[in-house]
Amino acid sequence: MAKESLESISPAPPSFGDVLDARRAIAPYLQRTPLHRYPLLDELVGTAVYVKHENHQPIGAFKVRGGINLMSRLDGDERRRGVFAASTGNHGQSVAYAARQFGVPATIYVPVESNPVKVASIRGFGAKVVEHGVDFDDARERCAADAHAQGARYIHHGDEPLLVAGVATETLEILEEQPRIDAIIVPLGGGSGAAGACIVAKQIHPATEVIAVQSEAAPAAYRSWRAHALLEDETQTFAEGLATRTAAALTQGILWEHLDDFALVTDDELRACTLHMIELTRNLVEPAGAAPLAAALRLSERLKDKSIALICSGGNISPFQLAELLA
């Protein structure tokens, strides 16, 4: 069903100029991440494959770009009152890491039984962690209410233009290094990465396709994109980076206008591709970060003879997840 609430009212999307501003804001804090080519990955997919290694970020995930960009813009009063965010892990790490850089108190709400690697990292960056609910959206709803009650700055995972502009810098780096990439494949949870990729790619090289990928066990964003309406759905995927029950208004608006394609993959495909990425790139990769490879294999016939970039969004796989995959 369509989701009708105040949260569905979308702020204005960021412009390409906002992305350039974000690059200047994050440059003192973050280095460019590598864009690597692996012959065995080319062989597996059947075309030229570049991997954008956002798993090399300080928090092991791409979202830190948005966190730094947003935190750098808070005024003194907002910094004193602190920030609240809800997350399955990487958004929370981003906010916690950025808050520490700028001396801002941070409180992060996570679902009960979240990825322990990500939760430990959030605590390690000095944020307060509140465990609530069985999934991300339970934690998100409680977080938003508590932030409002306490007068803190609530940082939505998708409806934040500064986050979208910040994470869009990953696509800017890809196209500066390889201007003629034919397709960029981006994992999608809240949608900031895919929305940011659309803003940049359609400005720099409109012929470059942007393809989003989500687990079919958590298809709310996919169904929302197809219907051009904000929809809810189940979230049963083991890939917590893709596990959102509702679509975000800001990112969906950008995707409705600019996204070229959207693939759904199974959790079994995510498991297989996580192992492929670990083996073929010698990097730790979390399941969401392997989703672009799963999509590339699904779409291999139409991507044949094209140069594609896979955004490896994160490497925060838990020991339990890794042991389960290896078993």
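Q: Why is strand E9 largely enclosed by the rest of the structure?
A: Let's start with this strand, in what is a predicted model. E9 covers residues 261-265. It is largely enclosed because the buried residues in it number five of the five.

Q: Which residues point one way from E9, and which the other way?
A: In a regular strand the side chains alternate between the two faces of the sheet. Here, Phe 262 and Leu 264 take one side, and they are buried. Pointing the other way, and buried too, are Asp 261, Ala 263 and Val 265.

Q: Which residue of E9 does Ala 212 stand opposite?
A: Strand E8, residues 209-215, runs parallel to E9, and five bridges join the two. Across from Ala 212 in E9 you'll find Phe 262.

Q: How many residues of strand E4 are buried?
A: E4 spans residues 106-110 and is mostly covered. Ala 106, Ile 108 and Val 110 point one way, with Thr 107 and Tyr 109 pointing the other way, and all are buried. That makes the buried count five of its five residues.

Q: What is the bridge partner of Ala 86 in E4?
A: Strand E3 (residues 83-86) and E4 run parallel, joined by four bridges. For Ala 86, the partner in E4 is Tyr 109.

Q: What volume does the largest cavity have?
A: Searching the whole structure turns up three cavities of 30 Å³ or more. The largest cavity comes out at about 240 Å³.

Q: Which helix gives the most to the lining of the largest cavity?
A: The lining has 26 residues, and the closest to the centre of the cavity are Lys 63, Thr 88, Gly 189, Gly 190 and Gly 241. Two helices, H5 (90-102) and H10 (192-204), supply at least two lining residues each. The most, three residues, come from H10.

Q: How many residues in the lining of the largest cavity are nonpolar, polar and charged?
A: Sort the lining residues by type and you get three charged ones and nine nonpolar ones. The polar residues number 14.

Q: Which helix supplies the largest share of the lining of the largest pocket?
A: This pocket holds about 480 Å³ of space. It is lined by 20 residues, with Glu 113, Ser 114, Thr 237, Phe 238 and Glu 240 the closest to its centre. By type, the lining has eight nonpolar, eight polar and four charged residues. The largest share, three residues, belongs to helix H16 (residues 319-326).

Q: Which element gives the largest share of the lining of the second largest pocket?
A: The second largest pocket has a volume of about 170 Å³. Its lining is made of 13 residues, and nearest the centre lie Pro 13, Ile 199, Ile 254, Glu 257 and His 258. H10 and helix H12 (249-258) are the elements giving two or more residues to this lining. The largest share, five residues, comes from H12.

Q: How many residues in the lining of the second largest pocket are nonpolar?
A: Four of the lining residues are polar and two are charged. The nonpolar ones number seven.

Q: Over which residues does pLDDT stay under 50?
A: For the protein, the mean pLDDT is 95, and 97% of the residues reach 70 or more. One stretch stays under 50, and the model gives it 17 contacts beyond four places in sequence. That stretch is residues 1-8.

Definitions and conventions. Residues are numbered from 1 along each chain as its sequence is written. This is a predicted model: local features need pLDDT of at least 70, side-chain atom pairs count only at pLDDT 80 or more; totals for chains, interfaces and linings use all residues. Side-chain values use heavy atoms; hydrogens and water are left out. Buried means under 20% relative accessible area, exposed over 50%, partly exposed in between (1.4 Å probe, protein chains only). Two strands pair if DSSP finds at least two bridges between them. pLDDT is the predictor's confidence in each residue, from 0 to 100. Contact means heavy atoms within 4.5 Å. On a 1 Å grid over the protein atoms alone, a cavity is a set of points where a 1.4 Å probe fits but cannot get out, and a pocket is an open set with protein on both sides within 12 Å along at least five of seven lines; lining residues have an atom within 4 Å of a point. Grid points are joined across faces, edges and corners, and a volume is the space filled by probe spheres set on the points. Ala, Val, Leu, Ile, Met, Phe, Trp, Tyr, Cys and Pro count as nonpolar, Asp, Glu, Lys and Arg as charged, and the others, Gly among them, as polar.
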